Amino acid sequence: MTPLRVKVGNASLTVALRLRAVPDVVVVGAGVMGASVALELQRSGRTVVVVDKGDAVGCGSTSSSSAVVRFNFSTLAAVTAAWESAHRWEAWADHLGLADDASGGLGPLARFVRCPMLFLEPPGFPRADATILLSTVGVPYEVLDEGELRRQFPALDTGRYHPPRRPDDPRFGLGPFGRLDAVLVPDGGFIDDPRLAAANLMDAARRHGTEVRLGTEVVAVETGSGRTSGVRLADGTTLDAPVVVNAAGPWSARLNVLAGVVDDGAVPTRPLRQEVHVVPAPAGFGLDDGGAMVADLDLGYYTRPAPGGTLLVGGVEPDCDPLEWVDDPDDVAPTPTVPCFEAQVWRLARRLPDLAVPHRPIGLAGVYDVTPDWMPIYDRTSLDGFYVAIGTSGNQFKNAPLVGQILCDLVDACEAGHDHDADPVTTNCHRIGRPLDLGAFSRLRSMTATTGTVMG
Ligand SMILES: Cc1cc2nc3c(=O)[nH]c(=O)nc-3n(C[C@H](O)[C@H](O)[C@H](O)COP(=O)(O)OP(=O)(O)OC[C@H]3O[C@@H](n4cnc5c(N)ncnc54)[C@H](O)[C@@H]3O)c2cc1C
């Protein structure tokens, strides 16, 4: 609000004029990524406007997230980012800038719920390659032989059933063909309410001055003099800004087309439909009852306990399950289907023989945007001033607290003229005391060797 003195006859009046200044940054998308990016850019002293076509913060793919926080990834950068982020989730009030654990007027806060993570590998999995990354970063883990796995998790059937199969495959019920051992990571967990986590970040950003415009769709990216100059909105108005961040989740590829940054050799992204189902937790495998989060690459599903005595069950893209690529994320109905429910829940029922399988699917369908190596893209683009936090591949909710800082460091460096493509920026993971080379998330990277699934 800018005060202005005007003369009317002999009287002098002070009137307040609402002058809309050009913001330093427009963030497209008010999911957990856009909220984190807005908070850090605003904290850095910039003025930020967030626009989202939806009617609430976090109502895109963030709201359907299983919000699992785990550390088993295929690259040092991914393990580092996840371990740093877990420390930020654990100190959530502090991360948001609140003095103590109180909400400081922000309302309820999302909670990190500790829950151990069990990794059940397929045959031939390069365990040593994975555990050396955990050791390097300092993530505690334990290898459980079959006896120890059964002792610590008696509700689990420890048989080996690989490869994963569809329930209509006559070989679905065969086995076991051996016994399993496992890698246990005790410090995993999940966020109890992912949409609330996004709202917490956005409320913290608003406190610093971020403006959030909901029900506001971006239909064009404005360019001029070889760089972005803002965005055009569905109502025909433009929102000028020298920096635009694409945090549009499953819709991000479409925004990249609008910005003209798809034919520059960058790693592509594509929206993928996913289902998560809800089943009652059997005795001995609930949240406070001996349960664990399980990534079961032997049978082909993941599960995590949830408050209220339930388990969430999701997919890990085994070869036998078709991938449901979608052209338009808005066309995806949020309801689960019988074939996917049976595939995921019946596999879990093999691992948890006391599971009572519901008569009909309960759960949700969501969409996430996937890169060919299932690693995200946090980067600048070939259009100066246009940045991306995209390709989150079903595994990046956990890293949201760090992604804001990553984008802020990139914007700082690139807008100051640094050539990030030639000399990648490093970000400081201050809670775990490690540097993170952001070249790992470059749009120009050669495909990283990963599991080629949501496990990353
Ligand atoms: C079923 C499922 C399970 C998952 N489980 C996990 C998990 O266990 N652990 C984990 O770490 N990650 C998980 N993920 C991934 C994680 O949830 C996502 O990576 C993360 O939430 C993406 O956040 P985002 O802000 O990028 O996208 P979104 O939350 O989708 O936000 C993007 C926003 O952009 C807006 N938008 C799009 N286009 C426009 C436009 N043109 N104009 C204006 N606004 C626009 C949309 O309305 C939307 O609100 C899961 C995802 C799904 C779908």
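In the predicted model, the protein chain is built from nine helices and 25 strands. The radius of gyration of the protein chain is 23 Å, close to the 23 Å that the globule rule gives for 456 residues, so the chain is as compact as a globular protein of that length. When taken along the principal axes, the box filled by the C-alpha atoms of the protein chain spans roughly 95 × 45 × 45 Å.

Burial and contacts were examined across the protein chain as a whole. Of its 456 residues, 55% are buried, where buried denotes a relative accessible area under 20%. Among the contacts in the protein chain with a separation of 6 or more, 72% are accounted for by residues 24 or more positions apart.

The second largest pocket contains about 600 Å³ of space. Its lining comprises 33 residues, of which Leu-297, Thr-450, Thr-451, Gly-452 and Thr-453 are the closest to the centre of the pocket. In terms of residue character, the lining of the second largest pocket divides into 18 nonpolar, 10 polar and five charged residues. Helix H4, which covers residues 127-137, gives the most to this lining, contributing three residues. With respect to the domain assignment, at least three residues of the lining are drawn from domain 1 (26-110 + 193-269 + 382-441), and at least three likewise from domain 2 (117-186 + 272-370).

How values were computed
Residues numbered from 1 in each chain as written. Predicted model: local features only at pLDDT ≥ 70, side-chain atom pairs only at ≥ 80, totals over all residues. Heavy atoms only, no water. 1 Å grid on protein atoms, 1.4 Å probe; cavity = no way out; pocket = protein on both sides within 12 Å on 5 of 7 lines; lining within 4 Å. Points joined across faces, edges and corners; volume = space filled by probe spheres on them. Helix = DSSP H or I, 4+ residues; strand = E, 2+ residues; numbered from the N terminus. Nonpolar A, V, L, I, M, F, W, Y, C, P; charged D, E, K, R; others polar. Domains from an automatic or database assignment. Rg over C-alpha atoms; globule rule 2.2 N^0.38 Å. Buried < 20%, exposed > 50% of the residue type's maximum accessible area, 1.4 Å probe, protein only. Contact = heavy atoms within 4.5 Å.
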